[in-house]
Amino acid sequence: MPDQPLGGRRAVVTGGGRGIGAAIAENLASLGAEMHLLGRTEATLEEQVKRLNDQGYLADYRVLDVTCAAAVESCFSALTAVGDIDILVNNAGAAPSAPFHRMDSTSWRDTLAVNLDSVFYCCRAVIESMRKANFGRIVNIASTSALRGYAYVSAYSAAKHGVLGLTRSLALETAKLDITVNAVCPGFTETDLVDNAINTIQQATGLSAEQARRQLSDYNPQGRLITPEEVANSVAWLCSPGSEAITGQAIAVCGGEVM
């Protein structure tokens, strides 16, 4: 293939079977990276890997619950047994919504587990080998919820603020090595999460699906939803040669919603 700036690199994407994760996997694969997709739903992972393989890309998958520390450690031990992980994209996440006064402890803990604990577990699993290799690219998919608050998603926003804090701290710890750690912060994006948000708005307000979609689109000054491919392009840039000085940053992909 003509342009392979990531040729020879091995990349892991969590939540890689669909939406933003699938777009990231395809983009990195097109740049030459060997892809390893992780997630909970085998059918979607299998379908995405087949799509990549059919295009001539190297890709495989492993079913993994990223909220389980022991499972993450076991999975990454198996992956690193055959070579270093050069690129880690922490994309797995969920955004349940509820008024704060109705949120129970289980919902709070589950939301932090999938959005924040998982990032810690996966970063911990690769950071030693990256330090030894003096190379690594970690990209954490946060959200504009890491940069501002939204009503009815307090647990999600707290978790994403935590992801950004972790990102910045780890970036400082690895700054003298050829390791960068960044966060990409999408606004409302055309994914299952937005579909769920639209359903929630409809149930709470009686608005039509189109009216609910417009309500979310209006957060973006460009008046539209972000596409998964736009998020993937930012991730690819952070993982490619030429971005070595970019670390500890929150890259907002949101049409100007936050500045």
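In this predicted model, helix α5 makes a handy starting point. It runs over residues 154-173, and at 1.5 Å a residue its 20 residues should span 28 Å; the end C-alpha atoms turn out to be 29 Å apart, so expectation and model agree. A good part of α5 is tucked away: Ala-155, Tyr-156, Ser-157, Ala-159, Lys-160, Val-163, Leu-164, Thr-167, Leu-170 and Ala-171 are buried. The cover over these buried residues includes one helix, α4 (105-133), along with the strands β5 (136-141), β6 (179-186) and β7 (250-253).

Helix α2, at residues 42-54, passes the same kind of check. Its 13 residues should span 18 Å at 1.5 Å each, and the end C-alpha atoms are 18 Å apart, which agrees. Here the buried residues are Thr-44, Leu-45, Gln-48, Val-49 and Leu-52. Looking down the axis of α2, these buried residues fall within an arc of 130 degrees, so they line one face of the helix. That fits a simple bit of helix geometry: with 3.6 residues a turn, residues three or four places apart point the same way. Over on the other side of α2, Ala-43, Glu-47, Lys-50 and Asp-54 are exposed. As for what lies against the buried residues of α2, the cover includes α1 (19-30), β2 (34-39) and β3 (59-63). After the helix comes Gly-56, with a positive phi near 90 degrees.

Back to α4, one of the elements covering α5. Cys-122 sits in this helix and has a relative accessible area of 1%, so it counts as buried, the cut-off being under 20%. What does Cys-122 touch, leaving aside residues up to four places away in sequence? The contacts are Thr-14, Val-66, Val-72, Phe-76, Leu-88 and Asn-90. Of these, Thr-14 is 108 residues away from Cys-122 along the chain, yet their C-alpha atoms are separated by 8.9 Å.

Next come the aromatic rings. A pair of them is described by the distance of the centres and the angle of the planes. The model has four aromatic pairs within the 6.5 Å limit on centre distance. One of them joins Phe-120 and Tyr-121, with 5.7 Å from centre to centre and 50 degrees between the planes, a tilted arrangement. Phe-120 is partly exposed at 39% relative accessible area, while Tyr-121 counts as buried at 15%. Another pair brings together Tyr-150 and Tyr-219: the ring centres are 5.5 Å apart and the planes lie at 65 degrees, so this pair is edge-to-face. It links distant parts of the chain, as Tyr-150 belongs to the loop between β5 and α5 and Tyr-219 to the loop between α7 (209-217) and α8 (228-239), 69 residues apart. Tyr-150 counts as buried, with 12% relative accessibility, whereas Tyr-219 is partly exposed at 35%. Together with Phe-188, Tyr-150 and Tyr-219 form one aromatic cluster.

Some rings also have a charge sitting over them. Tyr-150 again takes part: Arg-148 lies over the face of its ring, 4.1 Å from the ring centre. Elsewhere, the charged end of Arg-9 sits over the ring of Phe-135, at 3.7 Å from the centre.

Technical notes
Residues are numbered from 1 along each chain as its sequence is written. This is a predicted model: local features need pLDDT of at least 70, side-chain atom pairs count only at pLDDT 80 or more; totals for chains, interfaces and linings use all residues. Side-chain values use heavy atoms; hydrogens and water are left out. Helices (H or I, at least four residues) and strands (E, at least two) are DSSP runs, numbered from the N terminus. The expected span of a helix is 1.5 Å times one less than its number of residues. Buried means under 20% relative accessible area, exposed over 50%, partly exposed in between (1.4 Å probe, protein chains only). Contact means heavy atoms within 4.5 Å. The arc is that of the directions from the helix axis to the C-beta atoms. Rings of Phe, Tyr and Trp (its six-membered ring) pair if their centres lie within 6.5 Å; planes under 30 degrees apart count as stacked, over 60 as edge-to-face and the rest as tilted. A charge sits over a ring if NZ of Lys or CZ of Arg is within 6 Å of the ring centre and within 35 degrees of the ring normal.
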